[in-house]
Amino acid sequence: MTIEIDLTGKNALVTGAARGIGRASAILLAKAGADVAVSDILYEGVQETAEAIGGRPAIRCDLGDPDQITGMCDRVLAELGGVDILVNCGAIVAYGRGIGAFEPDEWDRVLDVNLRGTYLTCRGLVENMKQRRDGRIINFSSLAAHVGGIETAMHYVASKAGIIGFTRSLAKECGPFGITVNALAPGVILTPPVRKQVAGREADYIPTIPLRRLGESRDVANVVVFLASPLASYLTGLVVDVNGGQFMK
Ligand SMILES: NC(=O)c1ccc[n+]([C@@H]2O[C@H](COP(=O)([O-])OP(=O)(O)OC[C@H]3O[C@@H](n4cnc5c(N)ncnc54)[C@H](O)[C@@H]3O)[C@@H](O)[C@H]2O)c1
């Protein structure tokens with residue numbers, strides 16, 4: 001028996017799709033047959049992703065701006081007629097250890113983009129999913145939420161811990177409507193901000209990872225597609241760790 005993931009006929013929105021995990025997820029969802037809309041604050045990058053999947057025009061959206069999120073959700077509902085798969089990948093990845101490592105307005109910005117942005121995007125699309133009694137929501141937490149961050153900053157850690165509680169709460173609300181809501185918690189994945197941060201120190205990390213390699217965006221995108229697929233229809237409220245075994249719970 002061959003098992004294939006076929007998302008033909010499904011509409012998806014991926015935020016944070018200009019690069020890294022978001023771009024890899026958008027490309028893989030499109031390869032699986034989904035009609036994928038992509039958004040990001042980095043317009044040039046997200047346009048490249050849109051061109052790579054040969055699909056719809058990219059959407060510029062700052063997830064820290066509620067009006068822009070409303071505009072993105074309205075546009076996606078108008079153009080796609082509904083969203084079956086929502087991947088909330090866009091986030092500010094912030095480094096720096098200690099409570100004094102950043103200013104309070106940076107705390108607000110990171111929480112606004114990472115946590116409120118995810119909440120508002122879900123809020124903008126979930127009613128449509130409820131009406132159609134179908135949907136997959138995939139939020140992005142982090143290994144940092146479990147371990148208090150390795151190098152990432154406290155506001156980032158707090159935002160990613162918040163995503164776990166938000167995901168579970170929304171999963172309980174949406175379950176009766178046939179909508180699953182799960183979170184991914186990647187470990188150390190070699191995307192642009194992480195590559196820059198760990199450059200020259202990869203050898204320090206590798207012994208801490210049982211699978212003995214740092215992650216690639218594709219490792220996470222594979223799990224996004226699995227969670228979006230019929231194979232994952234009985235999973236909700238989960239936090240799926242994609243970390244090569246670096247943290248086990
Ligand atoms: N790479 C890792 O090791 C790792 C680990 C744990 C969690 N994550 C999470 O995975 C997701 C993807 O991260 P990544 O490593 O690919 O990082 P990345 O920086 O390459 O991708 C994040 C994307 O979000 C976009 N973004 C940033 N601010 C935005 C805003 N205000 N509005 C809209 N978009 C915005 C960026 O432009 C970028 O394209 C994030 O949610 C991140 O927290 C990554």
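User: Before we get to the ligand, what makes a residue count as nonpolar, charged or polar here?

Analyst: Ala, Val, Leu, Ile, Met, Phe, Trp, Tyr, Cys and Pro count as nonpolar, Asp, Glu, Lys and Arg as charged, and the others, Gly among them, as polar. Sorted that way, the shell around the ligand has 19 nonpolar, 7 polar and 5 charged residues. Keep in mind that this is a predicted model.

User: What makes a residue part of that shell, and which ones come nearest?

Analyst: A heavy atom of the residue has to lie within 4 Å of the ligand. There are 31 residues around the ligand, and Arg-19, Asp-40, Tyr-156, Ile-189 and Thr-191 come nearest.

User: Why is the pair between Asp-40 and the ligand called a polar contact?

Analyst: The cut-off is 3.5 Å between N or O atoms. A polar side-chain atom of Asp-40 sits 2.6 Å from a ligand oxygen, so the pair qualifies.

User: How do you know that Leu-63 and Cys-61 make polar contacts with the ligand as well?

Analyst: Check each one against that 3.5 Å limit. For Leu-63, a backbone N or O atom is 2.8 Å from a nitrogen atom of the ligand. For Cys-61, a polar backbone atom is 3.4 Å from a ligand nitrogen. Both distances fall within the limit, so both pairs count.

User: And how much of the ligand does the protein cover?

Analyst: On its own the ligand has 810 Å² of accessible area, and the protein covers 95% of that.

User: What makes you say that the ligand sits in the largest pocket?

Analyst: The test is that more than half of the ligand's atoms lie within 2 Å of the pocket's grid points. The ligand is assigned to the largest pocket, so it passes that test there.

User: Which helices supply at least two residues of the shell?

Analyst: That would be H1 (20–31), H4 (104–132), H6 (154–174) and H7 (192–198). H7 gives the most, with 3 residues.

User: Zooming out, why is the protein called as compact as a globular protein of its length?

Analyst: It has 9 helices and 7 strands. Its radius of gyration is 17 Å, close to the 18 Å from the globule rule for 249 residues, so the description fits. Along the principal axes, the C-alpha atoms fill a box of roughly 50 × 45 × 35 Å.

User: What makes Arg-133 and Arg-212 worth a look in the backbone?

Analyst: Neither is a glycine, yet Arg-133 has a positive phi of about 50° and Arg-212 one of about 60°. Arg-133 lies in the loop between H4 and strand E5 (135–140), while Arg-212 is in the loop between H8 (202–205) and H9 (217–228).

Terms used: Residues are numbered from 1 along each chain as its sequence is written. This is a predicted model: local features need pLDDT of at least 70, side-chain atom pairs count only at pLDDT 80 or more; totals for chains, interfaces and linings use all residues. Side-chain values use heavy atoms; hydrogens and water are left out. A polar contact is a pair of N or O atoms within 3.5 Å; within protein, one must be able to donate a hydrogen and the other to accept it, and residues adjacent in sequence count only if both atoms are side-chain atoms. Accessible areas come from the Shrake-Rupley method with a 1.4 Å probe; for residues, only the protein chains shown count as cover. On a 1 Å grid over the protein atoms alone, a cavity is a set of points where a 1.4 Å probe fits but cannot get out, and a pocket is an open set with protein on both sides within 12 Å along at least five of seven lines; lining residues have an atom within 4 Å of a point. Helices (H or I, at least four residues) and strands (E, at least two) are DSSP runs, numbered from the N terminus. The radius of gyration is taken over C-alpha atoms; the globule rule is 2.2 Å times the number of residues to the power 0.38.
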